[in-house]
Amino acid sequence: MPQMIIEARDVGVELGGGPVLRGVDLRAGRGDIVAVVGENGAGKSTLLRCLAGLQPGVSGKVGVFDRPPVDEPAFWRDVALVGDEPAWYPGLTVREHLELMPAVHAAARMEVGTALETFGLAGRGDMAPLSLSTGQRQRLSLAMALIRPSRLLLLDEPERGLDPAFRSRLAACLTEYAAEGGTVVMATHDLRLVEVTRARSVTLEAA
Ligand SMILES: Nc1ncnc2c1ncn2[C@@H]1O[C@H](COP(=O)(O)OP(=O)(O)OP(=O)(O)O)[C@@H](O)[C@H]1O
């Protein structure tokens with residue numbers, strides 16, 4: 001198993017005829033938490049898409065698990081992504097969304113009941129995700145990513161909609177994930193989350 005999980009060098013992206021990323025370097029090993037920070041429009045989400053194999057037209061070198069990332073099932077078995085709000089399955093409850101994860105991934109990092117407790121959704125298990133508040137839906141997205149096993153967690157503004165107490169809980173979840181050998185790369189504006197998780201910061205400036 002390679003120690004270096006992500007190796008991105010001189011990454012560039014042009015969109016709409018102009019540069020969005022230029023000369024970006026990022027490395028992350030097992031157990032690392034890396035925070036991608038920078039002002040609105042600096043390219044944080046674009047960089048995460050590059051790491052997820054979802055961004056066309058990338059120049060430079062992007063290696064994830066020693067090969068270019070590709071949007072294929074084998075890649076997603078090792079990688080969990082929390083970005084924009086997912087499309088919820090019509091007719092499935094909060095609990096059933098969580099049950100899908102171990103059913104698909106053949107293992108779980110925690111029991112569904114534990115996940116409901118940990119992510120502050122106990123008592124909400126029988127509801128439809130669209131009946132939850134914005135922050136509760138973000139908790140569910142994070143729970144779905146963290147209940148399943150993975151080696152790399154890509155998070156785009158995981159703090160979105162979360163109250164301060166739950167941001168602390170999230171920090172603990174990420175620290176625990178990294179302590180188990182997982183790698184976290186998160187784009188964030190929450191400098192306290194960066195500090196509490198002792199993340200290494202990579203600062204992007206608008207290209
Ligand atoms: N399809 C597109 N065509 C042209 N420009 C684009 C396109 N998509 C994104 N951009 C530009 O790329 C830049 C980087 O966007 P990105 O979403 O990666 O920034 P960000 O750092 O994640 O911002 P935020 O902190 O607001 O989430 C922005 O200036 C945006 O306008």
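1. The ligand in this predicted model is surrounded by L15, G16, V20, G38, N40, G41, A42, G43, K44, S45, T46 and A187, a residue being counted when its C-beta atom, placed from the backbone, lies within 6 Å of the molecule. By class, this shell holds 4 nonpolar, 7 polar and 1 charged residues, where Ala, Val, Leu, Ile, Met, Phe, Trp, Tyr, Cys and Pro count as nonpolar, Asp, Glu, Lys and Arg as charged, and the others, Gly among them, as polar.

2. Helix 1 gives the most to the shell around the ligand, with 3 residues; helices (H or I, at least four residues) and strands (E, at least two) are DSSP runs, numbered from the N terminus. Helix 1, residues 44-51, lies across strand 1, strand 2 and strand 4, and runs at about 125 degrees to strand 1, with contact meaning C-beta atoms, placed from the backbone, within 7 Å, and with angles running from 0 to 180 degrees between N-to-C directions of axes fitted to C-alpha atoms, for helices over the stretch in contact.

3. An open sheet is formed by 3 strands in the order 2-1-4, with antiparallel pairing, two strands being paired if DSSP finds at least two bridges between them. Strand 2 (18-29) and strand 4 (58-64) each have a single partner strand, so one side of each is left without a neighbour in the sheet.

4. Strand 1 (residues 4-15) pairs with strand 4 over 6 bridges, and V13 stands opposite V58 in strand 4.

5. Residues are numbered from 1 along each chain as its sequence is written. Local features need pLDDT of at least 70 and side-chain atom pairs count only at pLDDT 80 or more, while totals for chains, interfaces and linings use all residues.

Notes. Two residues are in contact if their C-beta atoms, placed from the backbone, lie within 7 Å.
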